[in-house]
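Hi everyone, thanks for coming. Please open the structure on your screens, and we'll walk through it together.

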Amino acid sequence: MDNLKEDLKKQIIEQLNLEDITPTDIADDALLFDDGGLGLDSIDALELIVLLEKYHGIQVVNPEEGKVAFRSIDTMAEYIRKRKS
Amino acid sequence: MYYISAASTISHQPTFQNVGFSTHIEPLQETSVLLTPDYKGFIDAGLLRRMSKILRMSVACAKDCIGQAGIDQPDAIIVGTGLGCLLDTEKFLNNVLTIEGLLPPTSFIQSTHNTMAGQISLSIGNHGYNMTHTQNSISFENALLDAMLLLEEGERNVLIGAADEAIDFLNVISEKLHLQLQHSLTSGASFFILSKQKNDHALACVKDTQAIGLVNDVTGQIKDFLAGNEMKVQDLDLVLLPGTSHHSDGLPASLASLNLEENKCVDYLRFSGIYPTASAFAMHLAADKMKADKSLKNVLICNTLIQSNLGLTLLQSVEA
């Protein structure tokens, strides 16, 4: 099990107050901003930027980076690892 | 004349979707809590997760009203609030004090006073007139006046309401100010559909309303208001008052010279608790009483919650 991805799911649920959703409900490759996935919106995108700084010490300054990084749990984890390496 | 085609209240009383509640509610106990419905039945889960207490109450009441009135969309949405979205304001300010770096945006976005009207609009996809009035204890009366003016201009159905939410910090402030409150600080939301046309759902009519700030002569203003509607104090079948500063005869001291009959007076704060827009609760209470008791033809809501403000709303029965 990838601990980073599990932590990310818990952090997203808490930060976005996703009621009735557990980490097991979120597939690693589910599209976060798609109605077929979590159905997040633009305010959530801002919350995810705050989340990355709060929990991982990463500042997203380039909006284009965020677009790619916030596609799914997989891409978020990849982005965090890349920025920390 | 403006017809109340629908009414919905969430409060510390069993008011929500409970026609006839006025006949069996009891004065609030200190331990009373806000009685809320299952909000998932009224609000999309995606919006609900971000909403604080005041937003949930407001949107649920608004949707309930629209359903009761049997309309697709109101022509306008008007909300009165004394203190606005306190929970989100408190949360945002705490974030400012405790978080270094980026601040979460949600509580900031939703801390503004006009968030209720905005969220109602988003929830029902309404693109009409959207207005929020905030004038402390007479916010509801100002919102009501706005609704009446819009109906005069040709709108058919206006969603008008008021909401305020209590947070623990209000109790801390009232203790530090040594306020001797006779009732608990509570939360509440009351919404109505006000229509120019009479329909089968009409509970009562709003004959007139007035909001006066920095008032000096309360009894004189009440007499003038009634005279403007060709009425006298003796014509009133019921007067709803906030019993915050009682005279020895049980009436607010400022109204003693009106010679109101005590058995015609009801202290609505005993049922609603104290919040700036409790007079909206009083309007629903009055309308519900008038629906149940046909002998009530003329009812005055006399909002003297704050000494310097006076809100007056005259209701008449649909048959009158």
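I'll talk about the two domains of chain B, then one helix, then the cores, and finally chain A.

Before we start, please keep in mind that this is a predicted model.

Let's begin with chain B. The domain assignment splits chain B into domain 1, residues 2-195, and domain 2, residues 205-316. Taken over C-alpha atoms, the centres of these two domains are 22 Å apart. Where they touch, domain 1 of chain B contributes 47 residues and domain 2 of chain B contributes 34 residues.

Which elements build the domain 1 side of that contact? In chain B, β1 (2-10), α6, β4 (157-164) and β5 (188-195) each supply at least two residues to the side of domain 1 that touches domain 2. The largest share, seven residues, comes from α6(B). If you sort the residues on this side of domain 1 of chain B by character, you get 21 nonpolar, 24 polar and two charged.

So let's zoom in on that helix. Helix α6 of chain B runs over residues 139-152, which is 14 residues. At 1.5 Å a residue, a helix like this should span 20 Å, and the end C-alpha atoms of α6(B) are indeed 20 Å apart, so the two values agree. Is α6(B) mostly enclosed or mostly open? Of its 14 residues, 12 are buried, which means that α6(B) is largely enclosed by the rest of the structure. Among the buried ones are Phe140(B), Leu144(B), Ala147(B), Met148(B) and Leu151(B). Polar and charged residues appear there too, including Ser139(B), Glu141(B) and Asn142(B), which are buried as well. After α6(B) comes Gly154(B), with a positive phi near 115 degrees.

Now for the cores. Here is a bit of background: in soluble globular proteins, nonpolar side chains tend to be buried together. In this model, the largest nonpolar core has 91 residues. Those with the most contacts inside this core include Ile4(B), Ala147(B), Leu194(B) and Leu240(B). You may remember Ala147(B), one of the buried residues of α6(B). The helix that gives the most to this core is α2 of chain B, residues 53-69, with 10 residues. Where does the core lie? Domain 1 and domain 2 of chain B both give residues to this core, so it lies between them.

Leu194(B) is a nice residue to click on. Leaving out residues up to four places away in sequence, Leu194(B) touches Tyr2(B), Ile4(B), Ala147(B), Leu151(B), Val158(B), Ile160(B) and Val206(B). Apart from the largest core there is another, of 19 residues, and among them are Leu16(A), Ala69(A), Phe70(A) and Ile73(A).

Those names bring us to chain A. It has four helices and zero strands, and along the sequence the pattern reads α-α-α-α. The radius of gyration of chain A is 12 Å, close to the 12 Å that the globule rule gives for 85 residues, so chain A is as compact as a globular protein of that length. Its C-alpha trace spans about 30 × 30 × 20 Å along the principal axes. Of the 85 residues of chain A, 27% count as buried.

Last stop: how do the chains meet? Their contact takes nine residues from chain B and 11 residues from chain A. On the chain B side, the largest share, three residues, comes from helix α4 of chain B, residues 105-109. The chain B side divides into four nonpolar, three polar and two charged residues.

Thanks for listening!

Conventions: Residues numbered from 1 in each chain as written. Chains lettered and ligands numbered in written order. Predicted model: local features only at pLDDT ≥ 70, side-chain atom pairs only at ≥ 80, totals over all residues. Expected span 1.5 Å × (residues − 1). Buried ≥ 20, exposed ≤ 12 C-beta atoms within 10 Å, placed from the backbone. Rg over C-alpha atoms; globule rule 2.2 N^0.38 Å. Domains from an automatic or database assignment. Contact = placed C-beta atoms within 7 Å. Nonpolar A, V, L, I, M, F, W, Y, C, P; charged D, E, K, R; others polar. Core = buried A, V, L, I, M, F, W, Y, C linked by C-beta atoms within 7 Å.
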